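Here are some notes for a colleague who is opening this structure for the first time. They begin with one position and then turn to the chain as a whole.

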Amino acid sequence: MDKNQPRPGPIGAIVGRPSWVGRTWELGVLDDMLTSLRAGMGGCVLVEGPPGIGKTSLVSEAVRAADSDNVLVLRGSADEFCVSLPFQLITEALRPVQGVEPAQETGSLWGAGARDPLAAGVQEALARVERACATQPVVLIVSDLQWADEASLTVLGSLIRLTAQMPLLLAGELTTGSTRDEVHQLRRAITARGAATITLGPLSDDDTVLLAEHFLAAPVSDDVRALTLETGGNPLFVRELIAAMVRERRIGLREGSAHLVGGETEGSRLPSSLGAAIADRVGYLAKDTLEALRAASMLGTTFEAGELSTVLDWPVERVIEALDEATATGVLRDAGIATEFYAPLLRHAVYASIPHSVRGLQHRHTARKLHEGGWPVERVAAHLALAGGVADEWTIDWLCAWGTALLYRAPKLAREVMQHALEALGWNDSRREPLESVLAMAAYLRGDPQESEELARRVLARAKDVDHAGEMACILAYMLANQARTAEGLDLVTSVTQRWELPPAWQARLGSLHGLILVLSGTWDEAVLRRVKEARKLGRELGDARAIAYAWHVLSLCYVRQDRYAESRAAIEAGLVAAADDPQLTDIRLILLCNVTTEYADADELDRAWESARTARKIAIETGTTRLHSVLSRTAILAYDSGAWDEALADLETAGEATMVEYLAVPLYGLTALIKLRRGELDAAQVYLDRIGEPGQLKPPVSFAAEDIWRARLIWAHMVGRQDEVRSILRRACDDAFLSELEDSFRLLAPGVRLALSMGKQDLAADLVSAAHRKAERDSRPRVHATALVCQGLFDSDPGPLHEALAYYRSVGRVANAAGCAEDLSVVLAGSGDMGGAKAAMREAAEGFLALGAAGDLDRADARWCAVGLRRGAPGRRQRPTTGWDSLTPTEQRVAEFVADGLSNPDIGERLFSSRRTIQTHVTHILAKLGLRSRNEVAHAIAGRPRPATAS
């Protein structure tokens, strides 16, 4: 062949293999992060830039060799179809380590409000990533974050925090210009963690030409150079322009360089924009291939051949043949078990080629085909949402049949498509009622009680179906009870039972809730017991586990208020049996487990309390329930009572992160402030007390845990010298109404007597002692009786009652109570002249306070001992160091050992009967105290150290 004769490349292909050019600094940043990753240190990087600028190519080039270097690379990409599909992005990314999806749920919705399949999916996704990181470093690449669904963004937000303690490199790619708040929040979270941010702009002229030469595997002539520079330095445009020139046979080799072929007129036919270049590429494809691509473009940037076969109603062989041609021409590329468009802009161009007037019809057709093919309901609903306009009959009927399942898997999407359907229905259409019922629950599940109440009342006002009426009545009654709107709840039950002749199942359920409202309103007489027992009997006759479980719950509350604790525990156990086999009764099961934990703790059966608490925590974590904060709050209280204050603080911190509702966090602040004060950390406690405000202004449901708030306020007022407030709180504690309103208000009495005596207020101390005895007469719990003994012994300076109380506290393992009682006993014995006994009690108290880290209590005790002539051998606070191995709590030392063994946070949590998030908190504290940057460094730092004791 004549060397001057142009040699065009194959049609639709690029001659040379593309190579990376123009991003040396950016690649250096990523390479440094990968080096740190291999050393066990995680990190975040955000790559930003306009479409086609090379974000994905940059990250891919950086991690190209990672797979061969024992680094697991996970990838996921989003598009505009992903926004309403929970876990779409993260499922794709985690597919190699088993992706996560919300569980399929059907059936009645009432009572399922605490179960959150999406939150459960978030926890499962995080656990899978953590377990993957325990075996090897992981790079998680997520592309086109501007289209990521909310559930995936939630997972990514949590993973950002985990990069500080795991070998995880999170690389996010974001096309500039997104207006979504969730994306901006994620971006702020990334940058707040000191993540690297790489902003890509156009390539320089020299790099643009160099990229073209790499594509062509040859130097370019001046005419090709000039044309290439018209791309504005956009790498994707360079690629598409070169491909178009090769495809058109407008370029060839002459004298070793790539030249344009033909005159100016012919050359001017080449695409002048990226969009035109992409359209030009697609226009060359065969008819079947183009039809397949158009159908694929409606499925998203990534799709499966089976899904496309379902939509087109083609045999798989025909689909694969079309996809092979599209792949050969560079429109598609293989993505493991799926296929994806080479670039999102390519998919967009194909999608844009479908006339706008028929896209809605195509999406409805796609939805029906996916439904017929058995694809998940959220995939079907996503196309119904994209169809826009007025919903057709098939859509409305499908939503009536599948709306409940869709609600569990994609609440936001369910709300969107159902609202479109309602717009197409007349007010008297019978299908409006079931759709509005599901929407009411959707609002409840996403934490919008106002909209849920509005919709539920709307359904009740026009309901013709008694089952819908019963379900909406139960939803409303449950919400009103939780909001302490008992009068409205009672009116609701009365009006519903008068208007409708409810089916027996709903009568039983509503009867149980009626009893709950009465108990919460302060009524727990025999009439209420009879009413609830009737509901339980009806539930048993019907085999309705929900009615039975709630009836037992209400009965247990009645028994507690009547000081019938043994009967209350028996009722709770019966309720747990009733709820055990029904996953939709997760909420009531957790309520019962939390309550029985408290009752076992009140009976000082701490081992049984821990057993039920750990069961509750396990269920709460696995189901992603919104009640997780309540479960962790209960375990924190149990840890506090057991003397495990560090564990209590870790659970309180985790519980605070588990709720975004301020009033639910207030009780957590009370116990946190109390621990901080007892440890002498006045400034830290002040922060939490300021968040609480005046405890006397607290309203239900916050006031249920106000005992710790009042006690913290009492200690704080004494520490800062506000004696008037101390006296005011102590007078309140003498009031029987106060003692009855707050179940554990007796906790104020012993500290109150101690303070009153120190202030010389004998009359006030006497009133507190009297209140303690009255409380003990009405309340059979052993702790209440022990409190009365301490109060009497202090007031009378009589060591006898104090000895008795101390023996009891020792026997049941109440470390903090024993230390405080030993302190009181030492002072009383010293005052009576028994200095030997006083010193022994003093040593016991000091050892107890030191074990708890209760520096504040120890300061108070030292002052009292000094006043009666007692001196410790090593006075002052012997606080735990703030850094180094000795600064770690016993639990943190155990966690550090497990980290050194290569266990993930979820696996450590299983060993220690703790939550993954609590272990995460411990690891964060370990790294900070030891001044380390990775789990690998923890392993090296503690190599050769003796294993800590196995007791928690």
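1. In this predicted model, Asp736 counts as partly exposed because its relative accessibility is 29%, and the partly exposed class lies between the buried one, under 20%, and the exposed one, over 50%. The residue belongs to helix α36, which covers residues 736-741.

2. Which residues is Asp736 in contact with, once its neighbours within four places in sequence are left aside? They are Arg774 and Arg778, and with Arg774 there is also a polar contact, made from side chain to side chain at 2.9 Å.

3. A further pairing to look at in the viewer is that of Asp736 with Ala772, since the two are 36 residues apart in sequence, while their C-alpha atoms are 9.8 Å apart in space.

4. Turning to the protein chain as a whole, its secondary structure comes to 47 helices and 10 strands, and its C-alpha trace spans about 120 × 75 × 40 Å along the principal axes. Of the contacts between residues at least 6 apart in sequence, 70% join residues that are at least 24 apart.

5. The protein chain has 952 residues, of which 56% are buried, and the area that the chain exposes is about 38600 Å², with 51% of it supplied by carbon and sulfur atoms.

6. As for charge, the protein chain carries 104 positive and 126 negative side chains, and the centres of these two sets lie 3 Å apart.

Definitions and conventions: Residues numbered from 1 in each chain as written. Predicted model: local features only at pLDDT ≥ 70, side-chain atom pairs only at ≥ 80, totals over all residues. Heavy atoms only, no water. Helix = DSSP H or I, 4+ residues; strand = E, 2+ residues; numbered from the N terminus. Buried < 20%, exposed > 50% of the residue type's maximum accessible area, 1.4 Å probe, protein only. Contact = heavy atoms within 4.5 Å. Polar contact = N/O pair within 3.5 Å; in protein donor to acceptor, adjacent residues only side chain to side chain. Areas by Shrake-Rupley, 256 points an atom, 1.4 Å probe, with all protein chains shown as cover. Lys, Arg positive; Asp, Glu negative; His and termini not counted. Charge placed at Lys NZ, Arg CZ, Asp CG, Glu CD.
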